[in-house]
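Reader: I've just opened this one and don't know my way around yet. Could you walk me through it while I ask things as they come up?

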Amino acid sequence: MELSAIPIRDPAAHGAFRPFIRSTPRAFILRADRLLVQEKRHPEKGLFYTLPGGKQDPGETLHECLKRECREEIGADVTIEDLIHVAEVYRVKSGGIERQHQLDFVFGCSVPDDYTPVLGNHPDPHQVATRWITAESSQQLRPAYVTKLFPLGCTRMPEVYLGPHDD
């Protein structure tokens with residue numbers, strides 16, 4: 001059997017495009033011993049923290065997406081540095097019926113020295129605050145792979161892939 005390329009359809013001509021694998025850049029913003037996170041409260045999951053970032057739109061680069069998401073979620077213009085981690089995540093969606101295959105691209109980033117945590121103009125669902133946390137709060141980070149990155153201070157070599165994670 002011969003394999004052939006799958007034709008690419010014009011999204012404008014065929015409606016909205018929803019990729020099977022969602023690419024999601026994330027900002028790892030470390031200042032001294034504190035990590036900048038989104039604080040979220042969910043009726044079933046309770047209190048947890050996530051890295052700023054989100055869904056890449058068609059035609060948008062990872063850097064463009066990350067800058068947009070950080071303005072929307074944490075009200076900050078970030079400086080993007082190295083890619084420090086790639087995580088493959090299987091997120092439970094639709095009340096546990098479906099899973100979303102997602103690739104998280106975690107970039108080391110920084111915010112201006114005078115940045116004070118605020119909610120951006122378009123925060124994530126369930127996001128109630130933006131805050132600096134210490135490693136003592138790392139067990140409340142989601143997805144779970146972030147709990148491994150933070151206590152290490154991301155001292156690993158850039159572009160580390162540690163395999164898939166369920167979230």
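Reader: Let me start with a residue I clicked on: is Asp 57 buried, exposed or partly exposed?

Author: This is a predicted model, and in it Asp 57 counts as partly exposed, because its relative accessibility is 35%.

Reader: And which side chain does Asp 57 meet in a salt bridge?

Author: The partner of Asp 57 is Arg 68, with 3.5 Å between N and O. The two sit in distant parts of the chain, Asp 57 in the loop between strand S3 (46–50) and H2, and Arg 68 in helix H2, 11 residues apart. Unlike Asp 57, which is partly exposed, Arg 68 counts as buried, at 18% relative accessibility.

Reader: Which residues are linked with them in a network of salt bridges?

Author: The network links Asp 57 and Arg 68 with Glu 60, Glu 69 and Glu 72. As general background, side chains of opposite charge can pair when their charged atoms come close.

Reader: How many salt bridges does the count come to?

Author: The count comes to 9 salt bridges. One of them joins the side chains of Glu 39 and Arg 41, at 2.9 Å from N to O; here Glu 39 is buried, with a relative accessible area of 4%, while Arg 41 counts as partly exposed at 45%. Another salt bridge is formed by Arg 71 with Asp 77, whose closest N and O atoms are 3.8 Å apart. In that pair Arg 71 is partly exposed, with a relative accessible area of 41%, and Asp 77 is exposed, with 51%.

Reader: Switching topic, why is there no bond between the sulfurs of Cys 70 and Cys 109?

Author: The two sulfurs are 5.9 Å apart, which is too far for a bond, so even the cysteine sulfur closest to that of Cys 70 does not pair with it. For Cys 109, in turn, the nearest cysteine sulfur is that of Cys 70, and Cys 109 is in no disulfide. The count for the model comes to 0 disulfides.

Reader: Are those two cysteines buried or exposed?

Author: Cys 70 is buried, with a relative accessible area of 0%, and Cys 109 also counts as buried, at 4% relative accessibility.

Reader: Then which residues touch the most other members of the largest nonpolar core?

Author: Cys 109 is one of them, together with Ile 29 and Val 111, in a core of 17 residues. Strand S1 (21–31), helix H2 (62–74), strand S4 (79–93) and strand S5 (98–110) each supply at least two residues of this core. There is also a second, separate core of 15 residues, which includes Leu 35, Ile 84, Val 146 and Leu 149. In general terms, nonpolar side chains tend to be buried together in soluble globular proteins.

Reader: What does Val 111 touch, leaving out residues up to four places away in sequence?

Author: With those set aside, Val 111 touches Ile 29, Arg 31, Leu 36, Ala 76, Val 78 and Trp 132.

Reader: Last thing, stepping back: how many helices and strands does the chain have?

Author: The chain has 3 helices and 7 strands, which follow the pattern α-β-β-β-α-β-β-β-α-β when read along the sequence. Among contacts between residues at least 6 apart in sequence, 68% join residues at least 24 apart. Of the 167 residues, 43% count as buried, and the accessible surface comes to about 10000 Å², with 53% of it belonging to carbon and sulfur atoms.

Conventions
Residues numbered from 1 in each chain as written. Predicted model: local features only at pLDDT ≥ 70, side-chain atom pairs only at ≥ 80, totals over all residues. Heavy atoms only, no water. Core = buried A, V, L, I, M, F, W, Y, C linked by side-chain atoms within 4.5 Å. Buried < 20%, exposed > 50% of the residue type's maximum accessible area, 1.4 Å probe, protein only. Helix = DSSP H or I, 4+ residues; strand = E, 2+ residues; numbered from the N terminus. Contact = heavy atoms within 4.5 Å. Areas by Shrake-Rupley, 256 points an atom, 1.4 Å probe, with all protein chains shown as cover. Disulfide = S-S within 2.5 Å. Salt bridge = Lys/Arg side-chain N within 4 Å of Asp/Glu carboxyl O.
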